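Thanks for making time this morning. I would like to walk through a few local features of one model, and I will try to be careful about what each of them shows.

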Amino acid sequence: MRASFIGALAAASIAFTIGGPVQIRATAVAPSPAPSVAVVALPDGAIQPQTAVDAKDVIHVVYFSGPPAAGNLYYVRLAADGHRLTEPVRINSIEGSALATGSVRGAQVSLGRNGVVHVAWHGAKPISGGGADTVPMWYSRSTDGAHFEPQRTVSGSSKNLDGGSVAADAAGHVAVVWHAMGAVPGEGHRTVYIAKSSDDGASFSAEAPATPAPIGACGCCGMRALFDRSGTLHVLYRAATNDTNRDTTWLMIRGGSPLPPVRVHSWELQSCPMSTYALAESGAGLVAAWETAQQIYSASLDSQSATVGPVEAVPGSGVRKHPSVAMNRAGERLLAWTEGTAWNRGGTAAWRLTDRTGKQLASSQDAGPVPVWGLVSVVALRDGSFVLVR
């Protein structure tokens, strides 16, 4: 019975290094029929992994290295067992142009048509001639996995931007989204902006508001974007209205037209929690994960009816942030997050595995250390197993 595996799933813990061989720290396989969870550690000094997996179970990883206020981004491919397949390649062409401070402004990655790798990130400093409040949203892509094109800004004249994300689909569409100051100062007037490409990122439209009117956005919170199989673009962000309503909010853009934003989970707070979001899709549908009041929640999203399924909290308590979520073809769900992280403070990785009904199969409250400004990222493989990168 799967119930017998609750809290008992063993996981592989693997470390890959920039210049040396893969080091296996510990290996154990979960008893069938529960899927296994492998934990892969980034190289020493590397933080903020972002992952995507392709149809051949190759895991594409983007991570940050260097001074948190002005570092660099790297890309590497891993096999399904965590072994390194390629040497790390630097993504940003301008030295020190990536920002890690705060854990909410790091790079995001998406795989598009023909395996093109798309990466977008929050700039480390203002661009020349743009003014102190014009920090750019940078973008680069790789068509061969071995080289990245020179970085370019897609954010135009946006002021005080934050929360950037990137999504790509199999039809060649790419969207980079962020939130920034609107025509009127204040969080309640912040606007979600979008730059679109229909040629695999070769060119982008000028930035434009994603909605007809400002919808408000929490000034220092991240976002997450994803194209589903139908081509609908989904964006999770934290609203900021009336100074206290910081609700997790879901925006859908279908056929180029935005639908009214949907409130996913309410949170009354007079300050910015500096939170991030997660989205994933499988044959079982779309699932979202987020933080509210230092707790991690998740729910299924029905894009046809624009409704949110039952909202479920991770059992227990603690200081929990920065979720990542993945679903396999059977609808089993791995939800991972950081425990104990805060401003300029590291913590540990944690995860919970559930079946398609939400029944817990296994969990770990200490899946290894997470450095200062660190995150976790998870993917599901074809055989139903999962990989967590920390």
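In which strand is Ser 142 found? It is strand E10, residues 137-142, that holds Ser 142, and I should say at once that what we are looking at is a predicted model. Ser 142 has a relative accessibility of 0%, and because buried means under 20%, this serine counts as buried. A polar atom of the Ser 142 side chain lies 2.7 Å from the backbone nitrogen of Gly 145. If we set aside the neighbours within four places in sequence, Ser 142 is in contact with Gly 115, Val 116 and Val 117, and also with His 147 and Phe 148.

Let me move on to strand E32, residues 386-389. Which residues of strand E32 are buried on one side, and which on the other? Phe 386 and Leu 388 are on one side, Val 387 and Val 389 are on the other, and all of them are buried, so that both faces of the strand are covered. In general, side chains in a regular strand alternate between the two faces of the sheet.

As for its partners, E32 pairs with strand E3, residues 37-41, in the parallel sense over 4 bridges, and within that pairing Ala 38 stands opposite Val 387. Strand E31, residues 377-380, is also joined to E32 by 4 bridges, but here the two run antiparallel, with Val 378 having Leu 388 as its bridge partner. E31 and E32 form a hairpin with 5 residues between them, and in the turn Gly 384 has a positive phi of about 95°.

There is also an open sheet of 4 strands, in the order E4-E5-E6-E7, whose pairing is antiparallel. The edge strands, each pairing on one side only, are E4, residues 46-53, and E7, residues 89-90. Between E4 and strand E5, residues 59-65, the antiparallel pairing extends over 6 bridges, and Thr 51 has Val 61 in E5 as its bridge partner.

Finally, the second largest pocket, whose volume is about 320 Å³. Its lining has 20 residues, and those nearest the centre are Ser 300, Glu 312, Arg 333, Arg 356 and Gly 358. By class, the lining of this pocket comprises 8 nonpolar, 7 polar and 5 charged residues. At least two lining residues come from each of strand E23 (295-302), strand E25 (312-313), strand E27 (333-339) and strand E28 (347-354).

Definitions and conventions. Residues numbered from 1 in each chain as written. Predicted model: local features only at pLDDT ≥ 70, side-chain atom pairs only at ≥ 80, totals over all residues. Heavy atoms only, no water. Pairing = 2+ DSSP bridges. Buried < 20%, exposed > 50% of the residue type's maximum accessible area, 1.4 Å probe, protein only. Polar contact = N/O pair within 3.5 Å; in protein donor to acceptor, adjacent residues only side chain to side chain. Contact = heavy atoms within 4.5 Å. 1 Å grid on protein atoms, 1.4 Å probe; cavity = no way out; pocket = protein on both sides within 12 Å on 5 of 7 lines; lining within 4 Å. Points joined across faces, edges and corners; volume = space filled by probe spheres on them. Nonpolar A, V, L, I, M, F, W, Y, C, P; charged D, E, K, R; others polar.
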